[in-house]
Amino acid sequence: MLPKLKPIAIKERFSLLFLEKGELDVVDGAFVIIDKTGVRSHIPVGGIACLMLEPGTRVSHAAVVLASRVGCLLIWVGEAGVRLYSAGQPGGARADRLLYQAKLALDDDLRRRVVRKMYEMRFNELLPDHYSVEQMRGMEAVRVKKMYQLFAQQYGIEWKGRSYDPEDWDSADVQNKCLSSATSCIYGVAEAAILAAGYSPAVGFIHTGKPRSFVYDIADLFKFETVVPLAFRIASEKHNNYERAVRLACRDAFRETRLLKKIIPTIEEVLSAGGIEIPDAPEESVPPAIPNERSIGDVGHRT
């Protein structure tokens with residue numbers, strides 16, 4: 001008789017695995033991906049924190065059940081995570097993480113510490129303690145405007161400022177179209193990382209009131225070293241389809257830099273700036289799907 005299943009702590013798992021062009025299923029008790037020729041590849045789903053399902057994948061009911069039982073998050077994305085379409089366990093896997101995030105966001109002082117940490121990481125400058133969130137936002141706006149101008153100069157293209165109408169895509173110039181496409185790509189990756197880490201995309205600190213407020217916060221930490229220069233470079237080149245060129249370039253950059261692996265630890269580092277501990281789960285909380293008869297003393301379970 002096989003021993004009872006035990007979840008592996010998230011931090012002890014392989015963080016992310018991208019799958020494309022195959023059918024996920026459970027065959028003979030094993031989680032497998034089957035390609036069009038019928039070849040099966042075994043996936044150790046219990047040792048993976050998150051499966052990123054790219055275009056061309058189909059998932060059986062049995063595969064979803066097994067992924068859920070072992071606490072593996074399923075996320076449906078575009079190529080290399082340049083878009084995020086849906087997620088299997090969107091943020092609700094660990095209520096203590098959500099309570100921790102909400103407490104940081106609701107307390108003015110804690111929120112200001114987190115925001116100050118974000119700006120410290122972005123601009124490599126420690127801001128004074130007394131700066132309000134509004135003051136830090138104003139400082140950010142000036143610096144971001146300057147950075148756009150510098151990138152435009154670097155790639156020798158005209159820059160009239162950040163301007164786009166989401167209701168009228170064609171009214172934007174090529175530079176702004178490329179920037180919008182590039183930022184959409186990094187938003188997809190950032191949201192995947194936030195979900196994989198067990199937090200809510202909606203509870204932000206600099207950005208608030210939007211379904212992806214925290215996504216924008218986290219993406220801003222990375223976009224000026226990743227997708228923004230890429231967008232200006234492509235805008236300076238000749239392409240028949242600029243949006244596609246940006247999307248493919250983002251895909252390659254994300255894979256080469258392994259960006260997702262960098263984002264998750266950064267989320268934890270940013271939130272830890274608040275200086276509080278993740279709260280204990282309440283007694284009435286839903287028990288883990290796979291109970292641990294003996295605790296391994298780790299908080300990083302997605303069950």
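## Exercises on a predicted model

At 1% relative accessibility, Asn176 counts as buried. The model is predicted, and the exercises below begin from this residue.

**Exercise 1.** Determine where Asn176 lies in the secondary structure and which residues surround it.

*Solution.*
Step 1. Asn176 belongs to helix H5, which spans residues 174-197.
Step 2. The cut-off for a buried residue is under 20% relative accessible area; Asn176, at 1%, is therefore buried.
Step 3. Once neighbours within four places in sequence are set aside, the contacts of Asn176 are Trp159, Gly161, Arg162 and Ser163.
Step 4. For Ser163, the C-alpha to C-alpha distance to Asn176 is 6.5 Å, at a separation of 13 residues in sequence.
Step 5. With Arg162, the side chain of Asn176 makes a polar contact of 2.8 Å.

**Exercise 2.** Describe the largest pocket by its volume, its lining and the helices that contribute to that lining.

*Solution.*
Step 1. The volume of the largest pocket is about 770 Å³.
Step 2. Its lining comprises 30 residues, and those nearest the centre are Arg162, Tyr164, Thr183, Tyr187 and Lys223. Arg162 is thus named both here and as the polar partner of Asn176.
Step 3. At least two lining residues come from each of helix H4 (133-154), H5 and helix H6 (213-220).
Step 4. The greatest contribution is that of H4, with 6 residues.
Step 5. By residue class, the lining holds 13 nonpolar, 7 polar and 10 charged residues.

**Exercise 3.** Establish which residues of helix H1 are buried, and explain why they lie on the same side of the helix.

*Solution.*
Step 1. Helix H1 covers residues 61-69, and its buried residues are Ala63, Leu66 and Ala67.
Step 2. Because these residues cover an arc of only 100 degrees around the axis, they are on the same side of H1.
Step 3. The general rule is that an α-helix has 3.6 residues a turn, so residues three or four places apart point the same way.
Step 4. The packing partners of the buried residues of H1 are strand S2 (22-27), strand S3 (30-34), strand S6 (57-59) and strand S7 (73-77).
Step 5. Just beyond H1, Gly71 adopts a positive phi of about 75 degrees.

**Exercise 4.** Summarise the protein as a whole by its secondary structure, burial and contacts.

*Solution.*
Step 1. The secondary structure consists of 9 helices and 8 strands.
Step 2. The protein has 303 residues, of which 46% count as buried.
Step 3. Of the contacts between residues at least 6 apart in sequence, 64% link residues at least 24 apart.

Methods:
Residues are numbered from 1 along each chain as its sequence is written. This is a predicted model: local features need pLDDT of at least 70, side-chain atom pairs count only at pLDDT 80 or more; totals for chains, interfaces and linings use all residues. Side-chain values use heavy atoms; hydrogens and water are left out. Helices (H or I, at least four residues) and strands (E, at least two) are DSSP runs, numbered from the N terminus. Buried means under 20% relative accessible area, exposed over 50%, partly exposed in between (1.4 Å probe, protein chains only). Contact means heavy atoms within 4.5 Å. A polar contact is a pair of N or O atoms within 3.5 Å; within protein, one must be able to donate a hydrogen and the other to accept it, and residues adjacent in sequence count only if both atoms are side-chain atoms. On a 1 Å grid over the protein atoms alone, a cavity is a set of points where a 1.4 Å probe fits but cannot get out, and a pocket is an open set with protein on both sides within 12 Å along at least five of seven lines; lining residues have an atom within 4 Å of a point. Grid points are joined across faces, edges and corners, and a volume is the space filled by probe spheres set on the points. Ala, Val, Leu, Ile, Met, Phe, Trp, Tyr, Cys and Pro count as nonpolar, Asp, Glu, Lys and Arg as charged, and the others, Gly among them, as polar. The arc is that of the directions from the helix axis to the C-beta atoms.
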